[in-house]
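User: Please take a close look at one part of this model, namely its salt bridges and the places in the chain where their partners sit, and set that part in the context of the rest of the fold.

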Amino acid sequence: MDKSTFGLVLEGGGAKGSYHLGAYKAMVEEGLIPSAVVGTSIGALNAALIAQGDWDVIYDLWNNMSLSKILDIDANQIKKLKKYNFSIDGFKYFAGYLHKSIEDGGLDTGRIRKLLEGMVNEEKLRKSKMDFGLVTISLSELKPYELFKKEIPKGKIIDYLMASSNFPIFKREIIDDKKFIDGGIFDNSPIQPLKSKGYKSLIVIRTHGLGINRHTSVKGLDVTWINPSDELGGTLDFSKETCQRNLNLGYYDAMKTFRHLYGKKYYFKPVNNELLLINQLLEMPPNVVKDLASMLGVSETYSHSRMILEGILPRIASLLNIPGSSPYEEIIEIACEEAAAKIGLDRFKIYTLDGMINELRAKHHFSQKTSISKWLNMPFGSEIFQAAFKNKLVEEVILKVIHLPENNSNALF
């Protein structure tokens with residue numbers, strides 16, 4: 001990717017937009033500053049602050065977010081609702097709130113506008129070297145608008161930001177007697193505006209939010225996609241906990257992309273030396289290999305190396321629902337992820353493979369005794385067997401690996 005001139009695309013998605021700022025923080029740390037940023041809906045709001053040079057301001061807002069900051073709604077009633085703590089008073093509150101919103105033509109967006117007025121500096125945004133664009137739709141004209149800052153009338157930046165993020169349940173945004181609605185109804189992933197500007201290199205930060213992703217051919221473009229590795233929560237889940245989690249997820253998913261990290265749920269630095277890894281695997285003590293082969297139904301007539309490379313590792317991969325042809329490093333890493341998730345090891349951290357194994361050794365709470373030996377004669381390929389004993393098998397296999405003596409020359413890592 002051309003680091004000197006590239007465009008940034010931010011998808012719409014309501015509260016999922018917190019993910020954008022986590023990813024952008026990683027971009028800044030990696031020295032990736034776009035020449036232009038275009039967003040739809042919440043992506044447009046985030047894009048404006050990024051283009052203005054105040055990404056840290058919107059980052060702090062997301063880090064301390066709550067639904068009551070953007071909508072005139074009782075935070076205590078929201079907390080009760082999330083805990084399924086229903087009451088007659090709560091029911092009356094939400095029924096009245098919904099009734100008033102319907103009468104008013106949608107949810108009031110006054111608090112969103114007030115937030116934007118406190119953060120967006122139109123003069124600073126227009127003077128910024130970074131270009132900025134957004135997408136919205138005029139209901140009055142049945143016409144989409146894809147606008148860059150030079151095309152937005154002076155004094156109207158905040159109005160058009162409100163228009164781009166005018167979620168269908170909100171009160172309609174009116175600009176010059178025209179009614180506007182959320183740009184995600186036309187294009188929730190606005191690649192086309194940057195392509196039309198001639199940008200050949202793009203970073204697209206996805207949220208998979210509600211909306212229509214207009215088909216834009218990326219043939220001939222150098223596109224780096226940053227995709228969430230986990231669910232980002234609901235469109236209107238503006239809770240502090242969810243937004244903080246999304247900030248972390250965005251940061252580490254972006255780092256995974258930029259630094260070519262491995263892992264599904266966790267983040268590993270690559271070993272980049274498969275021969276060394278194979279040699280370490282082959283140094284497993286024969287008694288450990290024999291136990292693993294017995295547990296996994298691998299023929300013990302194989303040689304030591306064949307049992308490990310052609311029998312044990314493919315069987316572990318099958319248990320973990322990954323292709324048996326996966327790199328050995330990936331198989332071991334995903335096995336470690338299973339153990340890490342079981343004991344609640346910090347997900348948001350970049351690990352080395354041996355570093356995670358050492359932490360698993362120090363913190364695991366697994367049972368040390370085998371409880372499935374009497375079932376080992378069942379056919380490994382049986383779906384019933386795998387469904388009933390998969391978790392236990394994975395646990396015991398990992399135990400065999402991580403509890404090899406650390407000071408033994410035969411230790412795995």
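Analyst: What follows goes through the salt bridges one pair at a time and then turns to the surrounding loops and helices.

The model is a predicted one, and its chain comprises 16 helices and 10 strands. Of the 413 residues in the chain, 51% are buried, and among the contacts with a separation of 6 or more, 68% are accounted for by residues 24 or more positions apart. Within this framework the structure holds 17 salt bridges, and three pairs and one network are described here in turn.

The pair within a helix comes at the start. Glutamate 122 forms a salt bridge with arginine 126, and their closest N and O atoms are 2.9 Å apart. Both residues belong to helix 7 (residues 122–127), and because they are 4 residues apart there, about one helical turn separates them. Arginine 126 has a relative accessible area of 23%, which makes this residue partly exposed.

The next pair involves two loops. Aspartate 176 forms a salt bridge with lysine 156, with 3.4 Å between the closest N and O atoms. Aspartate 176 lies in the loop between strand 5 (173–175) and strand 6 (178–182), whereas lysine 156 lies in the loop between strand 4 (143–148) and helix 8 (157–164), so the salt bridge ties together parts that are 20 residues apart in sequence. The two partners fall into separate accessibility classes: aspartate 176 counts as exposed, at 52% relative accessibility, and lysine 156 counts as partly exposed, at 22%. The backbone of aspartate 176 also deserves attention, since its phi is near 50 degrees, a positive value in a residue other than glycine. As background, most residues other than glycine have a negative phi.

In the third pair, the side chains of lysine 349 and glutamate 359 meet in a salt bridge with an N to O distance of 2.5 Å. This pair links distant parts of the chain, 10 residues apart, with lysine 349 in the loop between helix 14 (328–343) and strand 10 (350–351) and glutamate 359 in helix 15 (residues 353–363). Lysine 349 is partly exposed, its relative accessible area being 32%, while glutamate 359, at 17% relative accessibility, counts as buried. The cut-off matters for that last assignment, because a residue is called buried when its relative accessible area is under 20%.

Besides these pairs there is a network of salt bridges, in which Asp230, Arg245, Lys265 and Arg347 are linked.

Helix 14, which precedes the loop that holds lysine 349, also takes part in a helix contact. The axes of helix 11 (residues 274–282) and helix 14 come within 10 Å and cross at roughly 60 degrees, and the two helices are therefore oblique to each other. On the side of helix 11 the contact is made by Glu274, Leu277, Ile278 and Leu281, and on the side of helix 14 by Tyr328, Glu329 and Ile332. These contact residues divide into 5 nonpolar and 2 charged, with no polar residue among them.

The loop between strand 7 and strand 8 offers a further case of a positive phi. Histidine 208 is found in that loop, and although this residue is not a glycine, its phi is positive, at about 55 degrees. With a relative accessible area of 44%, histidine 208 is partly exposed. Lysine 219 lies in the loop between strand 7 and strand 8 as well, and at 76% relative accessibility this lysine counts as exposed. Lysine 219 and lysine 200 are 19 residues apart in sequence, and their C-alpha atoms are 9.8 Å apart in space.

Helix 1 completes the context. Its 12 residues (residues 18–29) should span 16 Å at 1.5 Å a residue, and the 18 Å between its end C-alpha atoms agrees with that expectation. Helix 1 is mostly covered, with 9 of its 12 residues buried, including Tyr19, Leu21, Tyr24 and Met27. The elements that cover these buried residues include strand 1 (7–10), helix 2 (42–52), helix 3 (55–63) and helix 10 (240–258), and also strand 7 (201–205) and strand 8 (222–226). After helix 1 comes glycine 31, with a positive phi near 75 degrees.

Note on methods
Residues are numbered from 1 along each chain as its sequence is written. This is a predicted model: local features need pLDDT of at least 70, side-chain atom pairs count only at pLDDT 80 or more; totals for chains, interfaces and linings use all residues. Side-chain values use heavy atoms; hydrogens and water are left out. The expected span of a helix is 1.5 Å times one less than its number of residues. Buried means under 20% relative accessible area, exposed over 50%, partly exposed in between (1.4 Å probe, protein chains only). Contact means heavy atoms within 4.5 Å. A salt bridge is a side-chain nitrogen of Lys or Arg within 4 Å of a carboxyl oxygen of Asp or Glu. Axes are lines fitted to C-alpha atoms, for helices over the stretch in contact, and angles run from 0 to 180 degrees between N-to-C directions. Angles under 35 degrees count as roughly parallel, over 145 as roughly antiparallel, 65 to 115 as roughly perpendicular and the rest as oblique. Ala, Val, Leu, Ile, Met, Phe, Trp, Tyr, Cys and Pro count as nonpolar, Asp, Glu, Lys and Arg as charged, and the others, Gly among them, as polar.
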